[in-house]
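Biologist: I would like to learn how to read helix packing, pockets and cavities in a model. Could you take me through them with the structure in view?

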Amino acid sequence: MAELKRFLVRRLLTFIPTLIGVTFIVFVIAAVIPTDPARMWAGGEKANPKVIEQLEKEYHLKGSILERYYFIMYKLFTNQMVSPVTHHYIWDDLAKRFPVTIQLTLIAFIYIVLIGIPLGIIAALKRDTWVDTAVRIFALIGVSTPVFWLAYLLIFLFFTQLGWITLAGTPKPDYSITGVPLIDSILHLDFPMLAQILQRYSLPGFILGFMGIGITARIVRNSFLDAISADFTEFAHARGLKKMRIYKHILRNALVPVITVLGLQFGGLLGGAPITERVFGLPGLGSYMLQAINQFDYLALIGAVFFVSLIYLTANFIVDILYAFIDPRVRY
Amino acid sequence: MKSEHLPIIEVKDLYVNFYTYAGVVKAIDGVSFTIYRGETYCLVGETGCGKSVTAKSLTKLIRPPGRIEKGQVLYYREPGKEPIDLLGLSEEELRRIRGAEISYIFQDPSASLDPLYNIGYQISETMYDHGLISSIKEGFLKAVDILKSVLMPDPETRVKNYPHELSGGMKQRAVIGISLSNNPRLVIADEPTTALDATVQDQIMDLLKKLKKEKNLTVLLITHNMGLVADMCDRVAVMYAGRIVEEADIYELFKNPLHPYTKALLKAVPNPVKKIDKLESIPGTVPNLIYPPPGCRFHPRCQYAMEKCKSERPPEIWVSSTHRVSCWLYS
Ligand SMILES: Nc1ncnc2c1ncn2[C@@H]1O[C@H](COP(=O)(O)OP(=O)(O)OP(=O)(O)O)[C@@H](O)[C@H]1O
Ligand SMILES: [Mg+2]
């Protein structure tokens, strides 16, 4: 276990260069685009030269690339960076939006796990029957359906026709443990609040997870079939193990590739969040990023990218921990 | 042939097909043989002739698309008592026999072991599921003794090792340990050394010989290696394209092979009994078992083939009480 702890600490330390790298790349891309940010911020063509000059000074726009990068990161982390566009403290804005995106991706992820994995197992057990084909077609539909189209279709059904869901506001309890309302309301056993949150988030979560459900089902199916037809399964039959025990061997082996895929799916969810948040009017990091891009507010963009990367890294960190428990071949 | 002629397994007229997209593979086509208690019975033949399928059929380990079409596998649990037909048993009844009374050792030890569980656990669970021990923990203690008996170096440490931490030879020792953990009567070893280095092969075969003697096992050995056959076996059956073409005791087979295929096979490998000058390959190719040749399945490759061989299946001819051959030349 001491080994595991060392591994985890080392793994956590790799967050630092990754986060620096990601934010630096976004910054460089923003910095090399041939525009004049100060002029854009000050109002475009007809901007007052005095204001432009002041902005340039305030945001160190004339410095070297490294200087500018350091300035942004330092100000962001000490919460001294005010967006030149919204005039809010960027860190405050991000902290407010962070839980929205977390909840959205968590719910999407729950759909993927709760629907994708059982579908995959059923398809594997009923391989080459119509059930298997149906899952295959479902997966194909999942990857080829435009998200916004499906979103509007389901909004029409569940909101306009059935009235099961809400499309405005972001439910938030007045207590806070983790800062994520979904988790807090569960910890508090506050079911009315949980119901509100689910009403608001379950459809966007489903839309966001839709593509992943099908992909996951296919991967689960294939890794199950691999495990079922593996030599060690044949040997398990040959040594007369009980059925349930053989299933245990199959399940555990089949999970190894599935966990990797689930970790990667998380990245896909974060990438899909901007569109889903936009369609459903959810004030999360994704819609914040879109807004920042439109307004050339790259300071806000870098901050948002930092948070999104943090979520992704954490998801992969959890995957690594699971790996270490499931697969003895993983060396740390 | 020791064993006072008491049979342990009697396979009667076994047929196995595989229903593939390309067609029905008639993999086993009327195979019959008897294994006597205490002997080592060998199945030899070219790749794809049906040795593994025969071995797996004995306890109905054939999985779809394969199906056992016909036949009986009579298992004499107690010497001289009434046999049971294994092919007629329920899945649960078979499970209790597999690994406990009839156990297997497969070709590739790296693939036979579950990579996610340590060796001790895999030995323990095999005993636990057959009711030999009352907890997996107890099994770990016994597993150390079992690993000792298969000459695993440093068994106290190895018992907690995962398969990837062992060498190929050690893995096969672990597999043998698993197979023998319930004190089976019959061990079916399907090319147990093919996946191993030459020096390790000898060690594993020596181990099998030693264990066979100690535990009074009956062994069904499947191999390509004629040297191994000469070294280990009491009786040999030569298979060709899903049929047994010749069966004899070991000296008889090497000295006086009758079937043209057996003769060709013995010329194709170094003969441990009779010195031969030059190794010859068998002309022609292994037949497609979806459309097997009619009559004798060997006739397209046989230099003595007659008209009859092309249309009629040769009968089983007993040329002596220990030697049978399926060939029109001897009728
Ligand atoms: N799962 C399967 N699907 C289709 N055909 C199969 C399957 N398993 C075996 N066969 C066929 O059955 C025949 C006998 O195969 P088997 O594995 O018994 O050969 P073998 O004598 O053990 O060969 P080797 O020496 O290579 O192990 C082969 O022609 C093979 O094509
Ligand atoms: Mg084989």
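Modeller: This is a predicted model, and we can begin with an enclosed space. The residues around the second largest cavity divide into 7 nonpolar, 1 polar and 2 charged, and the cavity itself has a volume of about 60 Å³.

Biologist: Which residues line the second largest cavity, and which helix gives the most to that lining?

Modeller: The lining consists of Thr40(B), Leu180(B), Val187(B), Leu208(B), Lys209(B), Leu211(B), Lys212(B), Leu217(B), Val219(B) and Met232(B). Helix H8 of chain B, which spans residues 198-215, gives the most, with 4 residues.

Biologist: How many cavities of 30 Å³ or more does a search of the whole structure find, and what lines the largest cavity?

Modeller: The search finds 5 such cavities, and the largest holds about 80 Å³ of space. Its lining has 14 residues, and those closest to the centre are Cys296(B), Cys302(B), Ala305(B), Cys309(B) and Cys327(B). By class, the lining of the largest cavity has 11 nonpolar residues, 3 polar and no charged.

Biologist: Turning from cavities to pockets, what volume does the largest pocket have, and which residues lie nearest its centre?

Modeller: A pocket is an open set of points, whereas a cavity is one from which the probe cannot get out. The largest pocket has a volume of about 900 Å³. Its lining has 28 residues, and Arg127(A), Ile228(A), His237(A), Arg63(B) and Pro64(B) lie nearest the centre. By class, the lining of this pocket has 13 nonpolar, 5 polar and 10 charged residues.

Biologist: Which helices and strands each supply at least two residues of that lining?

Modeller: From chain A they are helix H6 (90-125), helix H11 (231-238) and helix H12 (243-280), and from chain B they are strand E1 (7-20) and helix H2 (91-97). H12(A) gives the most, with 4 residues.

Biologist: H12(A) also packs against helix H13 of chain A, residues 285-294; at what angle do they pack?

Modeller: The angle is about 90°, with the axes 7 Å apart, which means that H12(A) is roughly perpendicular to H13(A). In this contact, Pro274(A), Glu277(A) and Arg278(A) of H12(A) meet Leu285(A), Gly286(A), Ser287(A), Leu290(A) and Asn294(A) of H13(A). The residues of the contact comprise 3 nonpolar, 3 polar and 2 charged.

Biologist: How should I read the packing of helix H2 (residues 15-32) and helix H5 (residues 65-77), both of chain A?

Modeller: One reads the angle, then the crossing, and then the residues that meet. H2(A) and H5(A) pack at an angle of about 120°, with their axes 11 Å apart, so H2(A) is oblique to H5(A). The crossing of H2(A) past H5(A) is right-handed. Ile20(A), Thr23(A), Phe24(A), Phe27(A) and Ala31(A) of H2(A) meet residues of H5(A) including Leu66(A), Tyr69(A) and Met73(A). This contact has 9 nonpolar residues, 1 polar and 1 charged.

Biologist: And what is the handedness of the crossing in which H7(A) passes H10(A)?

Modeller: Helix H7 (residues 130-144) and helix H10 (residues 191-228) of chain A pack at about 140°, with their axes 7 Å apart, and therefore H7(A) is oblique to H10(A). H7(A) passes H10(A) in a left-handed crossing. Among the residues that make the contact are Val135(A), Phe138(A) and Ile141(A) of H7(A), together with Phe210(A), Ile213(A) and Arg221(A) of H10(A). By class, the contact comprises 10 nonpolar, 2 polar and 4 charged residues.

Notes. Residues numbered from 1 in each chain as written. Chains lettered and ligands numbered in written order. Predicted model: local features only at pLDDT ≥ 70, side-chain atom pairs only at ≥ 80, totals over all residues. Heavy atoms only, no water. Axes fitted to C-alpha atoms, helices over the stretch in contact; angles between N-to-C directions. Parallel < 35°, antiparallel > 145°, perpendicular 65-115°, else oblique. Left-handed = near helix turned anticlockwise from the far one by under 90°. Contact = heavy atoms within 4.5 Å. Nonpolar A, V, L, I, M, F, W, Y, C, P; charged D, E, K, R; others polar. 1 Å grid on protein atoms, 1.4 Å probe; cavity = no way out; pocket = protein on both sides within 12 Å on 5 of 7 lines; lining within 4 Å. Points joined across faces, edges and corners; volume = space filled by probe spheres on them.
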